[in-house]
Amino acid sequence: MTELIDMIKTAYLPEFVIIVFILINMLASVFANPQFYKLSKWVTLFGICLAIASTFNLQIEPEAYAFDGAFLTNIYTVFFKILILICAFFLTLLSRNMIREKRDRAFEYFTVFLSGILFAMCAVSTVDFIGLFLSMEALGLSCYMLLSFTKSPASKQLTFGYLVQGAVVSSLFLVGLSLIYGLCAQVNLGMISLYFANTSSYGSTSQILLTFSLILMICSFLFKLGLVPFSSWLADTFEGANAPIGAFISSVPVLAGFGILAKIFMIFFNYTFTLKIVFAFIAVTTIILGSLSATRQDNLKRLMAYSMSVQSGIMLLGLCVFSVYSLSSVLFYLFCYVFANIGAWAAIILLYNSAKLQNLTDLKGLIYHRPYYVIAFTIVLIALAGLAPTCGFVAKLYIFSAVARSGFVFLPYLIVALLGTVIITYAYWRIIRGMFRRIETDIEIDTHMISSKFILYACALSTVVICIYADKIIQLCQLVAYYM
Amino acid sequence: MNFLSLIWLIAAPIIIAIIIMFPHFPNHQVKVRRFAKWFASLHFVYSLLFLAFFDSSLFGMSYEKELTFFGMSWLKSLGISAKFAVDGMTLLFVVLTTFIVLITLFMSKIHIRTKHKLYYSMVFLLEAAILGIFCAKDMFMFFVFWELSLIPLYFLVSQWGNSEARRAAMKFTLASFAANMFLFFGMLILYYYNFAVSNVLTANIETLNMDSNLYPVWFQVMVFVNFLIGFVVRIPFVLFHNWYPDIQSKASAPVNILISGLLLNTGVYGLIRFNMQTFPEIFKMFAPVLMVWGLVNIIYSGGLCVMQTGIKKMISYANISTMGFVMVGLASLNQTGFNGAVFCSIAAAIVFSALYVVISCVVFRTKSTYITALGGLGQVMPKCMYMALIICFAAVGIPFLIMFSPKIMILTGAMLSNLDQQLMVKIAAFIGLCAIAVSTGYIMFFFYKVFCSVLLDQWKKLKDLSPQETAILSAMCLIIIYLGVNPMSVISVYQSVSSIILDVLQV
């Protein structure tokens with residue numbers, strides 16, 4: 001028993017806290033009176049704060065294991081967990097209207113929500129393929145459940161499409177996993193890499209098999225991150241989803257996905273060469289196609305869906321030129337992406353919930369009604385576009401300089417990606433331009449949504465503050481990448 | 001001189017822009033305009049102080065200042081810092097910038113009728129961005145300001161232009177962003193190659209300039225071409241020049257002054273600072289090509305100029321044509337040519353802004369920009385005609401006016417230049433000499449069509465210049481005459497800079 005407590009204390013504390021609060025929410029959903037629905041939000045917030053606080057209690061130097069070495073805690077995983085928890089904090093505050101509409105299911109909502117967060121955190125920490133598969137699947141399941149939380153027929157249909165495609169790629173993952181298991185009879189990532197280090201030589205059968213099965217497995221991540229061959233679900237799903245759920249899908253699985261992808265790339269890229277080029281190609285195709293599609297959207301949520309796709313593409317480009325430097329740049333990009341993305345979604349939620357604005361044409365003349373919203377939204381969009389006075393610029397500079405550093409093979413991809421960022425800038429620019437139009441409209445906006453406003457302003461402010469203090473965070477990211 | 005801080009020089013317009021944009025700032029146009037004019041005047045005086053205390057005999061940068069946040073420099077771990085400094089050349093550009101902004105604000109009263117707050121804050125934002133471009137000592141800071149300058153420009157053109165302005169502004173902004181990406185690409189690979197060679201991660205322009213001989217030639221050519229694309233779009237040169245007449249003909253009059261006065265200089269500055277100073281060897285290699293390009297620029301856009309029907313387009317082609325002289329001067333690779341080129345770009349900014357002031361006076365009264373609809377205005381607007389005559393003579397290059405000495409210096413430099421293809425260069429210089437005749441042709445054609453010929457009936461009741469316009473135009477004419485008589489007062493400020501740059505070129 002003391003061993004168990006010790007293990008939880010050193011390696012598993014934040015997850016444990018989240019599990020406790022999942023149970024609390026679950027029990028409350030059965031027993032609590034629906035008129036106390038607001039309590040669910042505060043309970044969840046308290047749990048998330050507690051979990052963030054508990055990460056400081058973990059043993060991260062050098063590292064700690066739990067569950068017989070299946071669960072790893074080090075500075076890398078803790079970095080991701082804190083990011084995921086910050087996301088969770090913001091997303092909880094953004095969920096106000098979700099639980100107001102369904103008061104009797106408020107606790108249920110947060111049960112599912114917190115399990116999504118839990119499995120995202122577990123996914124980053126696992127060091128074997130079984131745990132990885134399970135946690136990614138469970139994360140996906142919570143996404144499906146959150147998507148179908150409102151019972152409109154449209155959202156059900158879209159969720160079902162998402163579910164089917166998700167099931168297909170999961171089965172691909174399993175095929176790849178079984179191939180690898182058949183080859184080396186291991187599921188642990190470290191053991192598998194050891195096996196290949198001992199046996200594989202360039203062009204050998206085992207290497208070809210490894211490459212093939214890796215491609216199958218990574219399809220699952222490409223799906224979650226909205227990258228090119230599997231990005232068809234994005235726009236429709238986001239359009240059908242409630243905005244807070246859109247914010248969830250565009251941030252938490254992305255964080256978890258890149259956390260794992262970096263790990264997989266680090267372990268296996270030594271044994272494959274062509275994969276780097278393949279993924280660079282995927283990344284660049286995503287950037288170009290995603291940004292071209294984004295410029296043609298009229299719905300804010302659809303636009304944000306393609307925006308997520310493009311941002312993932314940029315991060316994948318940074319990740320596939322694999323070095324400590326590029327990894328730290330991806331970490332920094334993720335850090336900035338969280339704030340910018342959630343800020344943009346907060347603005348969308350605010351506009352939708354207060355005045356049912358969701359198309360670009362509805363936003364005309366908004367500057368005359370709500371100058372502060374518009375300015376904060378503009379700052380956040382500028383951060384997403386990667387322009388000057390926000391952290392987006394530093395992130396983009398850092399990630400592209402990492403690509404430039406990695407050798408001349410990637411330079412054509414770099415220039416195409418840079419041109420792609422111009423196109424996505426135009427897509428964001430369309431939103432901003434609409435808001436600054438001189439047309440006088442009679443939009444009525446009620447402003448009781450304090451939490452969403454708080455998040456919008458906090459994110460806008462933090463994008464600027466991160467830009468000023470970027471140096472400290474870059475140093476932190478370099479440290480994290482180095483320990484990885 | 002502790003009170004002279006470049007950071008305040010750049011930050012003050014940004015702060016003022018934010019103050020003006022603030023919702024609680026009065027929305028009354030007179031108040032906004034007075035506030036803006038007062039600030040711009042003070043800012044101009046402040047920038048003059050930099051010139052007054054500047055020691056032009058010094059080699060290298062002065063007034064160096066680093067922006068720190070509680071003692072921490074920006075992005076230290078990436079070797080990027082927010083350092084600012086000026087040398088003689090950039091200091092002149094800085095003073096020119098604040099001067100043109102002041103002129104613009106005085107001209108804005110009659111042309112800007114709506115959204116005053118947005119207009120004045122965008123002008124100041126543009127000013128800050130342009131000042132940042134000239135003062136940044138770090139490559140990526142330069143790029144930040146380079147991109148920042150596009151955003152206010154978009155608003156300035158689209159919001160107060162004619163009905164087609166919005167589309168033109170969007171086209172220009174996107175095309176410039178695309179060109180900027182080539183610039184950014186060049187900077188990124190230069191930044192890393194420099195790290196790989198010298199093992200110091202830095203984006204400091206001076207350090208990068210010193211290490212340039214360490215790179216292989218193919219790499220230098222690659223970066224050089226990327227930079228060239230970025231800057232040539234801005235200057236603008238033939239092949240990449242379409243945006244300039246397009247925007248100038250659609251923007252409102254004060255914005256015309258801003259664009260011709262501020263924007264083109266940044267391209268020239270970038271060309272000198274990056275292409276010439278960082279890759280002297282490659283610049284030498286490309287010099288004949290660039291010289292021919294400059295000549296094509298002079299003659300081709302001069303020819304286009306005569307064919308235009310709108311006066312704004314006409315003057316913008318004349319401006320492009322004049323920028324060709326700058327390229328010829330830079331490509332001649334000697335001190336005379338270089339001095340002439342820098343002086344020429346300053347002179348072009350002054351002369352063409354003055355021409356746009358004249359045009360704005362004419363267009364405001366007649367509401368017509370078509371050259372066929374104008375004519376004989378000199379009979380009803382004599383003051384305007386005489387001022388315009390001085391300015392047009394200056395644009396042509398009449399002796400004792402501002403454009404004379406730079407053009408002569410450029411052509412002398414080209415004649416004396418020591419490039420490999422001697423005969424070709426001599427021919428080029430001769431063609432350039434003939435091109436002055438071309439420029440005389442189109443400028444005088446403009447003057448004749450607008451102010452001489454036959455006066456149409458509908459213009460018989462036009463009023464002459466108001467006192468304010470007279471004051472602005474006579475101030476500009478005085479500058480034009482003063483610098484024409486005494487060109488050394490400008491050239492002596494950047495003499496040391498040109499000798500540094502040409503020492504590296506070793507021609």
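## Exercises on a predicted two-chain model

In this predicted model, B:Val328 is buried, because 32 other C-beta atoms lie within 10 Å.

**Exercise 1.** Place B:Val328 in its helix and list the residues that it touches beyond its sequence neighbours.

*Solution.* Begin with the secondary structure, where B:Val328 falls within helix 13 of chain B, residues 311–331. Next, check the burial: a residue counts as buried if 20 or more other C-beta atoms lie within 10 Å of its own, and B:Val328 has 32. Then leave out residues up to four places away in sequence, after which B:Val328 touches B:Met291, B:Gly294, B:Leu295, B:Ile410, B:Ala414 and B:Gly432. Finally, take B:Phe145 as a distant reference: B:Val328 and B:Phe145 are 183 residues apart in sequence, and their C-alpha atoms are 27 Å apart in space.

**Exercise 2.** Describe the largest nonpolar core, and state which helix gives the most to it.

*Solution.* The largest nonpolar core holds 386 residues, and those touching the most other members are A:Val380, B:Val351, B:Val358, B:Ile391 and B:Ile480. Turning to the helices, helix 14 of chain A (residues 324–355) gives the most to this core, with 21 residues. In chain A, both domain 1 (1–237) and domain 2 (273–484) supply at least three residues to this core. As a last step, follow B:Val358, which, with residues up to four places away in sequence set aside, touches B:Cys384, B:Met387, B:Ala388, B:Ile391 and B:Leu473.

**Exercise 3.** Work out how domain 1 and domain 2 of chain A meet.

*Solution.* The centres of these two domains of chain A, taken over C-alpha atoms, are separated by 23 Å. Their contact takes 21 residues from domain 1 of chain A and 29 residues from domain 2 of chain A. On the domain 1 side, the elements that give two or more residues are helix 3 (75–94), helix 4 (96–101), helix 9 (205–225) and helix 10 (233–240) of chain A, and helix 3 gives the most, with nine residues. By class, this side of domain 1 divides into 15 nonpolar, five polar and one charged.

**Exercise 4.** Characterise the contact between chain A and chain B from the side of chain A.

*Solution.* Start with the counts, which are 26 residues of chain A in contact with 22 residues of chain B. The elements of chain A that give two or more residues to this side are helix 17 (391–405), helix 18 (411–435) and helix 20 (470–483). Sorting this side of chain A by class then gives 20 nonpolar, four polar and two charged residues.

Notes: Residues numbered from 1 in each chain as written. Chains lettered and ligands numbered in written order. Predicted model: local features only at pLDDT ≥ 70, side-chain atom pairs only at ≥ 80, totals over all residues. Core = buried A, V, L, I, M, F, W, Y, C linked by C-beta atoms within 7 Å. Buried ≥ 20, exposed ≤ 12 C-beta atoms within 10 Å, placed from the backbone. Helix = DSSP H or I, 4+ residues; strand = E, 2+ residues; numbered from the N terminus. Domains from an automatic or database assignment. Contact = placed C-beta atoms within 7 Å. Nonpolar A, V, L, I, M, F, W, Y, C, P; charged D, E, K, R; others polar.
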